[in-house]
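Trainee: I'm new to this structure and would like a close look at one part. Could you walk me through the aromatic cluster and the helices around it?

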Amino acid sequence: MERLTTDKKVNEMSMFELAHNSCYIKDGEARYRDYNTDIDARELAIKLLDKYADIPNEFTCNDDFDEFIIDCLKYGTERIEGLIALFYRNLCAQADLYEKLKKYEDLGLTPEQIREMDRAYSEQAKELGEYKNDKQGKLLRLPCKVGDILYQPTGDVVSEFVVGCIEVSTFNNLFLHTKLVKGVIVSGEIFSQDEIGKTVFLTKNQAEAALREMEDKNE
């Protein structure tokens, strides 16, 4: 399936590509771009209100502007400020959709492959929720299940790994085989149970805390 998002520079995009990549998010804010413009969505809406609705920029903050836009949405297409409010809302929505679609397309997986992975993970999760060692008659409780995400401080970021399968050795040691770093296809990583809570974590908050601790030590 041909992807819709691209990392090309705007001047390298076709009209079709630009139509799907004209809105994006930077520093948490929606932006609009074309061949001659790259502008914050709020700033663009404020300029349109001033030019076409004769509403000057007297907004004290972003929240003040957003409340005004929400109020203008009640006009729909009946008044120009309603049209601009709709335009601004759609710019923000398209920027959000673009970022989510780009993350999905960066995986390089088709919807069918993702559904198959989900099915396989669900089946393995049921089988590996608890593992019984028949030789010793012991019941091993796993720290996580197939499909869970593990978080590892890597450099100055937190990498996210999806557990693909869990291996139990004859010595009751657990090895977590991961096949994906979130957003990037990789060859695979293996974490032992002993690494949980030390170099790899079950929650993002724990990994971020460990990353901050590492950064403090390096200062």
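Mentor: Let's start with the whole protein, go on to the rings and the helices, and finish with a few loops.

Keep in mind that this is a predicted model. The protein has 219 residues, and 36% of them count as buried. Six helices and nine strands make up its list of elements. If you take the contacts with a separation of 6 or more, 42% of them are between residues 24 or more positions apart.

Now for the rings. A pair of aromatic rings is described by two things, the distance of the centres and the angle of the planes. You'll find three aromatic pairs in this structure. One of them joins Phe59 and Phe65, with 5.2 Å centre to centre and 85° between the planes, so the pair is edge-to-face, as angles over 60 degrees are. Both Phe59 and Phe65 are buried. Phe65 also pairs with Tyr88, and this pair is edge-to-face too, at 5.2 Å centre to centre and 85° between the planes. Have a look at where these two partners sit: Phe65 is in helix H3 (residues 62–72) and Tyr88 is in helix H4 (residues 80–106). They are 23 residues apart, and the pair links distant parts of the chain.

How buried are these two? Buried means under 20% relative accessible area, and Phe65 has 1%, so Phe65 counts as buried. Tyr88 has 8%, so Tyr88 falls under that cut-off as well. Put the ring pairs together and you get a cluster of Phe59, Phe65, Phe68 and Tyr88.

Next, the helices that carry some of these rings. Two packed helices are described by the angle between their axes and the distance between the axes. For H3 and H4, the axes come within 8 Å and cross at roughly 115°. This crossing is left-handed. On the H3 side you can pick out Phe65, Asp66, Ile69 and Cys72, which meet Glu81, Gly82, Ala85 and Tyr88 in H4. Notice that Phe65 and Tyr88 turn up here again, on the two sides of the helix contact, just as they did in the ring pair.

H4 has another partner, helix H2 (residues 41–52), and the axes of H2 and H4 come within 10 Å. They cross at roughly 165°. Angles over 145 degrees count as roughly antiparallel, so that is the word for H2 and H4. The crossing of H2 and H4 is right-handed. H2 brings Ala41, Arg42, Leu44, Ala45, Leu48, Leu49 and Tyr52 to the contact, while H4 brings Ile80, Glu81, Ile84, Phe87, Tyr88 and Leu91. Tyr88 is part of this contact, and Tyr88 also meets H3. Glu81 can be found in the H4 list for H2 and in the H4 list for H3.

There are aromatic rings with a charge over them, too. Arg79 lies over the face of Tyr75, at 3.8 Å from the ring centre. Arg33 does this with Tyr24, at 4.3 Å from the ring centre.

Tyr24 leads us to Glu29, a residue in strand S2. Leaving out residues up to four places away in sequence, Glu29 touches Tyr24, Asp40, Arg42 and Asn62. Arg42, remember, is one of the H2 residues in the contact with H4. Glu29 and Cys92 are 63 residues apart in sequence, yet their C-alpha atoms are 8.3 Å apart in space. With 28% relative accessibility, Glu29 counts as partly exposed.

Finally, some loops. Asp27 is in the loop between strand S1 (23–26) and strand S2 (29–33). Its phi is near 55°, a positive value in a residue other than glycine. Asp27 counts as exposed, at 73% relative accessibility. Asp54 has a phi near 55° as well, and Asp54 lies in the loop between H2 and H3. At 66% relative accessibility, Asp54 is exposed.

One more loop residue is Asp156, between strand S6 (149–154) and strand S7 (157–168). Asp156 is exposed, at 60% relative accessibility. Even so, Asp156 is in contact with Leu211 and Glu215, leaving aside neighbours within four places in sequence. Asp156 and Leu211 are 55 residues apart along the chain, and 7.2 Å separates their C-alpha atoms.

Definitions and conventions:
Residues numbered from 1 in each chain as written. Predicted model: local features only at pLDDT ≥ 70, side-chain atom pairs only at ≥ 80, totals over all residues. Heavy atoms only, no water. Phe/Tyr/Trp six-rings, centres within 6.5 Å; stacked < 30°, edge-to-face > 60°. Buried < 20%, exposed > 50% of the residue type's maximum accessible area, 1.4 Å probe, protein only. Helix = DSSP H or I, 4+ residues; strand = E, 2+ residues; numbered from the N terminus. Lys NZ or Arg CZ within 6 Å of the ring centre and 35° of its normal. Axes fitted to C-alpha atoms, helices over the stretch in contact; angles between N-to-C directions. Parallel < 35°, antiparallel > 145°, perpendicular 65-115°, else oblique. Left-handed = near helix turned anticlockwise from the far one by under 90°. Contact = heavy atoms within 4.5 Å.
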